Amino acid sequence: MVQTIIKFLQSTGFYGFKDYPLNIVMIFIAFVLLYLAIKKGFEPLLLVPIAFGIFLTNLPYANMMLPHGEHGQPGGLLWYFFQGDELGIFPPIIFMGVGAMTDFGPLIANPRALLLGAAAQFGIFTTFIGSILWGFTGQQAASIGIIGGADGPTAIFLASRLAPELLGAIAVAAYSYMALVPIIQPPIMKLLTTKEERMIKMDQLRPVSKTEKILFPIIVTLVVSLMLPPAATLIGMLMLGNLFKESGVTGRLADTAQNALINIITILLGLSVGATATAEAFLTAQTLKIIFLGVLAFGVGTAAGVILAKIMNKLSGGKINPLIGSAGVSAVPMAARVSQVVGQKENPSNFLLMHAMGPNVAGVIGSAVAAGVMLSLFG
């Protein structure tokens, strides 16, 4: 009887912490992320499932990420969820939902915004070079650099293909920095612009016809996919979701893509990505490097967008507010709102939101294209 009780006690997770003491640190990190998501409102829809995935995977003996056995024994629940990440299924479905929620009208009305979206991707390639110099492999450097695109699904998609061993750290860094966009960007924007530039009022955008909005996703998919086939998965799903929205004849599909479907996939993706952050994979010097390189990517991307917008402002005779350049990172619509807030602090009668949405949605396309470039080079 005593032996039975001892055996039971040794099978509990409490006893397991004796063998896995670092798991306590990971559970603490999970609780911190839950606090930031629930109490501070930092990307709660994504950070809550990610943090809970970290919590579950670090419970000793729970085996939530145990792989399916060769002889048929079942794996852990989160391991099955993770197959959707590893096979590259979940991130493109998230992209479809994003497309169904996105209005590309501001970009169609002002195609020059595409340049700002492209400039903001400069942070990706700068961080890629920095990662190489810091000792990461080409595949790992590409996966770290994409954090600068401020697009969580793209970061997960690329990391799952090129550097799955870094997936947990990259996902946590990407979503944490996305939540910190209102804190990271304003100091950089103010540093690179003058008060007069921040007060510039822009002309109202022209109306965009329904025909233009329907043709846009089809043409972008055709052009980008033919130029860069590895980008077709993300771009194609993004534009399919947008076509559901703009066609006007698939309302139920658009509603499913932007509500029920994206919510279900977000739960599965968040939990399974968080579950990759085990103590042995996450508590390493590499994770600290990724955290640092991630904020570098965000900063460089923001600065590159603002600097190009300043140049475009000079060439246009003072008609472009440089603050909209920071929205080229693809944290939609948060980055555009930051442009609006910073601009309105200088001039309360200024409304930059719709102008900033052009580079913002261009950034979504730009990060997907950058991911395609990385896959072409290292996939």
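## Exercises on E346, its salt bridges and helix 20

E346 counts as buried, at 17% relative accessibility. Buried means under 20% relative accessible area, exposed over 50%, and partly exposed in between (1.4 Å probe, protein chains only). The model is predicted: local features need pLDDT of at least 70, side-chain atom pairs count only at pLDDT 80 or more, and totals for chains, interfaces and linings use all residues. Residues are numbered from 1 along each chain as its sequence is written, and side-chain values use heavy atoms, with hydrogens and water left out.

**Exercise 1. Find the salt bridge partner of K195 and place both residues in their helices.**

Step 1. Apply the criterion: a side-chain nitrogen of Lys or Arg within 4 Å of a carboxyl oxygen of Asp or Glu. The whole structure holds 6 such salt bridges.

Step 2. Check K195. Its side chain meets that of E346, N to O, at 2.8 Å.

Step 3. Place the pair. K195 sits in helix 14 (residues 195–198) and E346 in helix 20 (residues 334–346). Helices here are DSSP runs of H or I, at least four residues, numbered from the N terminus. The two residues are 151 apart, so the bridge links distant parts of the chain.

Step 4. Compare burial. K195 is partly exposed at 45% relative accessible area, whereas E346 is buried.

**Exercise 2. Examine the salt bridge between R198 and E346.**

Step 1. Take the distance. The closest N and O atoms are 3.0 Å apart.

Step 2. Locate the ends. R198 lies in helix 14 and E346 in helix 20, so this pair ties together parts 148 residues apart in sequence.

Step 3. Check burial. Both R198 and E346 are buried.

**Exercise 3. Describe the salt bridge of E246 and K245, then name the network of shared partners.**

Step 1. The side chains of E246 and K245 meet at 3.0 Å, N to O.

Step 2. E246 is buried, with 10% relative accessible area. K245 is partly exposed, at 31%.

Step 3. Shared partners join K195, R198 and E346 into one network.

**Exercise 4. Work out how helix 20 packs on helix 21.**

Step 1. Two packed helices are described by the angle between their axes and the distance between the axes.

Step 2. For helix 20 and helix 21 (residues 353–378), the angle is about 145 degrees and the axes are 8 Å apart. Axes are lines fitted to C-alpha atoms over the stretch in contact, and angles run from 0 to 180 degrees between N-to-C directions.

Step 3. List the contacts (heavy atoms within 4.5 Å). On helix 20 they include M334, A335 and R337; on helix 21, L353 and M357 are among them.

Step 4. Sort the contact residues: 6 nonpolar, 3 polar and 1 charged. Ala, Val, Leu, Ile, Met, Phe, Trp, Tyr, Cys and Pro count as nonpolar, Asp, Glu, Lys and Arg as charged, and the others, Gly among them, as polar.
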